[in-house]
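Reader: I'm new here and would love a friendly tour. Could you show me the molecule before we talk?

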Amino acid sequence: MLTRMPDDSEASRVPVELTGVPETLLWNLYHRAVATRGPKPLLQDPEAVEVVGRLDHRFDALDGGDAQRSAEWHAMRVRTFDAEVRRFLDARPGGTVVALGEGLETQFHRVDDGRVRWVSIDLPETIALRRRVLPEGPRQRTLEFSATDPEWPRHVGATDPVLITAQGLLMYFPLDEVASLIERCAHRFPGQALVFDATSGWMRAARARNDAQRTDRSSAEWLWSNNAAVRSRLAALPGVAALRRLPTAYGRSPLFGRAFPTLRRLPVLGKRLPDFHAPVFRLDFTG
Ligand SMILES: C[S@@+](CC[C@H](N)C(=O)[O-])C[C@H]1O[C@@H](n2cnc3c(N)ncnc32)[C@H](O)[C@@H]1O
């Protein structure tokens, strides 16, 4: 746990100078904080609340007036990732989580079992900010690399139990780069796994409509979305043993807490429902 109390004084706030894809981490951080502070919290993420308080940024401009709804949607994805990381740590105590494009994620603090080892990988400008507000603890390492750089895997022990995560990252890479990254991970970490989320076709279309009406949004583009052809391609990559969709954590609203999960379980209709939130997948590498 961080011991520092939130500090909202203007003078001591940390400036934020991110653009493009790195800037998108602010949306995620803010909505984790909102999901923690809400009337029925969906997350326990006091570190996110604290970091929001420390940054010099107009976070309220990010929510388009509906922060609670965005926070619920986002918390469902975050909780789906957290559940998979906890499963890994239960099965492989002391294992290593490699978080690609980790931004200002505070997942380490949410899932820490006292033994996990953690490697955060991100671009230099993001890591510089991360180091200021989320300094490394003794079991954490922070590395400045592009996730697509073939060098970073050499900094992670090839024989350790490893779970690689890529939350809110792969949709910003062309699909060919995603495929190369997966192949490299499968080659370097046989028998291990990668957990990632994708956007859905529905989400991409909704975002494009929304962006057309706004000028304050980062220019980062989602370059592909989940569909059967994409899943077949990724599942057939050399070194990939299996690709499966993870069960999405429930939300709290009538729509995401009850109606949607119930409809999803229906045999035919359930499979045809569009994804209103990010599907999360696990790729297992051959041993
Ligand atoms: C949407 S944010 C997600 C941050 C974090 N995973 C989360 O869920 O809060 C995208 C992140 O990807 C990082 N990023 C962008 N391009 C990257 C690259 N080529 N390699 C590694 N990280 C990258 C950004 O700096 C940013 O932290």
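Reader: Which residues come nearest the ligand?

Author: Happy to help! This is a predicted model, where local features need pLDDT of at least 70 and side-chain atom pairs count only at pLDDT 80 or more, while totals for chains, interfaces and linings use all residues. Residues are numbered from 1 along each chain as its sequence is written, and side-chain values use heavy atoms, with hydrogens and water left out. Around the ligand are 21 residues (each has a heavy atom within 4 Å of it), and those that come nearest are Gly 101, Asp 122, Thr 126, Ala 147 and Gln 167.

Reader: How many residues of the shell around the ligand are charged?

Author: Here Ala, Val, Leu, Ile, Met, Phe, Trp, Tyr, Cys and Pro count as nonpolar, Asp, Glu, Lys and Arg as charged, and the others, Gly among them, as polar. The shell has 8 nonpolar and 8 polar residues, and its charged residues number 5.

Reader: Which helix gives the most to the shell around the ligand?

Author: Helices are DSSP runs of H or I with at least four residues, strands are runs of E with at least two, and both are numbered from the N terminus. α1 (20–23) and α2 (25–37) each supply at least two shell residues. With 3 residues, the top contributor is α2.

Reader: How far is a nitrogen atom of the ligand from a polar backbone atom of Ala 147?

Author: Let's look at the polar contacts, pairs of N or O atoms within 3.5 Å. Arg 32 has a polar side-chain atom 3.5 Å from a ligand oxygen, and Ser 146 has one 3.0 Å from a ligand nitrogen. For the backbone atom of Ala 147, the distance to a ligand nitrogen is 2.8 Å.

Reader: Which are the edge strands of the open sheet?

Author: Strands pair if DSSP finds at least two bridges between them. The open sheet has 7 strands with mixed pairing, in the order β5-β4-β3-β6-β7-β9-β8. Pairing on one side only, the edge strands are β5 (140–144) and β8 (240–245).

Reader: In β6, what is the bridge partner of Ala 99?

Author: Strands β3 (residues 96–100) and β6 (residues 162–166) pair in the parallel sense over 5 bridges. Ala 99 has as its bridge partner in β6 Thr 165.

Notes
A polar contact is a pair of N or O atoms within 3.5 Å; within protein, one must be able to donate a hydrogen and the other to accept it, and residues adjacent in sequence count only if both atoms are side-chain atoms.
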